[in-house]
Amino acid sequence: MSKLPAALRNLSLPVIGSPLFIISNPKLVIAQCQAGIIGCMPALNARPASQLEDWLAEITETLAAYNKANPDKPAAPFAINQIVHKSNDRLEHDMEMCVKYKVPVYITSLGAREDINAAAHSTGAVVLHDIINNKFARKAIEKGADGLIAVAAGAGGHAGVKSPFALVQEIRQWFDGPIALSGAIATGGAVLAAQAMGADFAYIGSAFIATTEARAADDYKQAIVDGNSDDIVYSNLFTGVHGNYLAPSIRAAGMDPDNLPVSDPSAMNFGGGEGSKPKAWKEIWGCGQGIGAVKEVVGAADLVARLHREYEAAKAALLAPATA
């Protein structure tokens, strides 16, 4: 494992809750942090843009009060996800708000920029950049990111196609900083496996959609409870970038998930569909392949507690003496 910056140490479980477009909100982030894992939300989830300051104030004030009341068991830090892409015309405003509130951890996506990293570093924050291959990983570190989110095959939303074994192995050959692994992780045993292959953290998103705090439709949550990896479709139709989506939502939009056309990747559209095309995230539900482990809708704290039990049981099983 790598040497971790202070903001990434002392978690109750080596887990980062991944930012869920539309779905993550202060209530979910606070619950995750109070449970001892890093909670995260996209800045773009605050709409209009002016709402972001209200949300940042809510998160920072609530966690500060919690830490004052629980000095022996403080909350984990929170993170804000910034889409670093030319289509995001809010980036400058959102970064100003995050710097103002001294956000401790940033997760950057879809582009690495030195000025964004420098702004985050101006308040002592840690920047993790998500990547889908070793080439992008090198570029992110060269431009000043402190760590990486290795988005492997099976992750929800905009996912890569690399095996997690290959992706982490290649990055670890040259990088000894923080790595979080994303891709079909929904059990405590999978968290331990991520560490065993060289990651510092598991990056978990889809399982948190099926929590009471998540801002997702009840049908969306139930589809995750009812679904498994066979229900996940990998397509670039909805945003121009390949991602994983729930087949039931594609069928509900009147489309055949087994026969989807290919989209023009130059026409990226992260807010939703164009014309008659159904909107990604709102109508077409992003989801990863690990949902077979999700059996019910629970509170975020209960989900973290389950992951913790499974993580400790997996460690105990590995350390137990072999029996004949």
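Start by selecting Cys33: this residue is buried, with a relative accessible area of 0%. What you have open is a predicted model, so treat the tour as a walk through a prediction.

**Stop 1: the cysteines**

Keep Cys33 on screen and add Cys40. Why is there no bond between Cys33 and Cys40? The sulfur of Cys40 is the closest cysteine sulfur to that of Cys33, but at 9.2 Å the gap is too far for a bond. Now jump to Cys287, which is in no disulfide either. For Cys287 the nearest cysteine sulfur again belongs to Cys40, and the distance is 18 Å. Cys287 is buried, with a relative accessible area of 1%. With a cut-off of 2.5 Å between sulfurs, the disulfide count comes to zero.

**Stop 2: the sheet**

Switch to a cartoon view and look for the open sheet of eight strands. Walk across the sheet in the order β1-β8-β7-β6-β5-β4-β3-β2, and you'll find the pairing is parallel. Which strands stand at the edges? Select 15-17 for β1 and 39-42 for β2: each has a single partner strand, so one side of each is left without a neighbour in the sheet. As you rotate the view, note that neighbouring strands are turned by 25° against each other on average, ignoring direction.

Next, zoom in on residues 105-109, strand β4, and residues 126-131, strand β5. These two run parallel and are joined by four bridges. For one spot to click on, take Thr108, which stands opposite His129 in β5.

Then bring in helix α2, residues 51-69, which packs on the sheet. The strands that α2 touches are β2 and β3, the latter at 78-83. Line up your view along β3 and compare: the direction of α2 makes about 160° with that of β3.

**Stop 3: Asp200**

Select Asp200 next. You'll land in the loop between α7 (188-196) and β8 (201-204). Is Asp200 buried or exposed? It is buried, at a relative accessible area of 3%. Show side chains here and add Arg172: a polar contact of 2.9 Å joins the side chains of Asp200 and Arg172.

**Stop 4: Gly299**

Move on to Gly299, in the loop between α10 (247-252) and α11 (300-319). Gly299 counts as buried, with 13% relative accessibility. What does Gly299 touch, once its neighbours within four places in sequence are left aside? Select Thr211, Thr212 and Glu213, and you have its contacts. For a sense of distance, add Leu246, which is 53 residues away from Gly299 along the chain. The C-alpha atoms of Gly299 and Leu246 are separated by 22 Å.

**Stop 5: aromatic rings**

How many aromatic pairs does a search of the whole structure find? There are three, and you can visit two of them here, beginning with Trp174 and Phe175. Their ring centres are 5.6 Å apart and their planes sit at 45°, so this pair is tilted. Colour by accessibility and the two partners get separate labels: Trp174 counts as partly exposed at 26%, whereas Phe175 counts as buried at 9%.

Finish with Phe238 and Tyr245, whose ring centres are 5.2 Å apart. The planes of Phe238 and Tyr245 are at 75°, so the pair is edge-to-face. Phe238 is buried, with a relative accessible area of 1%, and Tyr245 counts as buried too, at 0%.

How values were computed. Residues numbered from 1 in each chain as written. Predicted model: local features only at pLDDT ≥ 70, side-chain atom pairs only at ≥ 80, totals over all residues. Heavy atoms only, no water. Buried < 20%, exposed > 50% of the residue type's maximum accessible area, 1.4 Å probe, protein only. Polar contact = N/O pair within 3.5 Å; in protein donor to acceptor, adjacent residues only side chain to side chain. Pairing = 2+ DSSP bridges. Axes fitted to C-alpha atoms, helices over the stretch in contact; angles between N-to-C directions. Contact = heavy atoms within 4.5 Å. Phe/Tyr/Trp six-rings, centres within 6.5 Å; stacked < 30°, edge-to-face > 60°.
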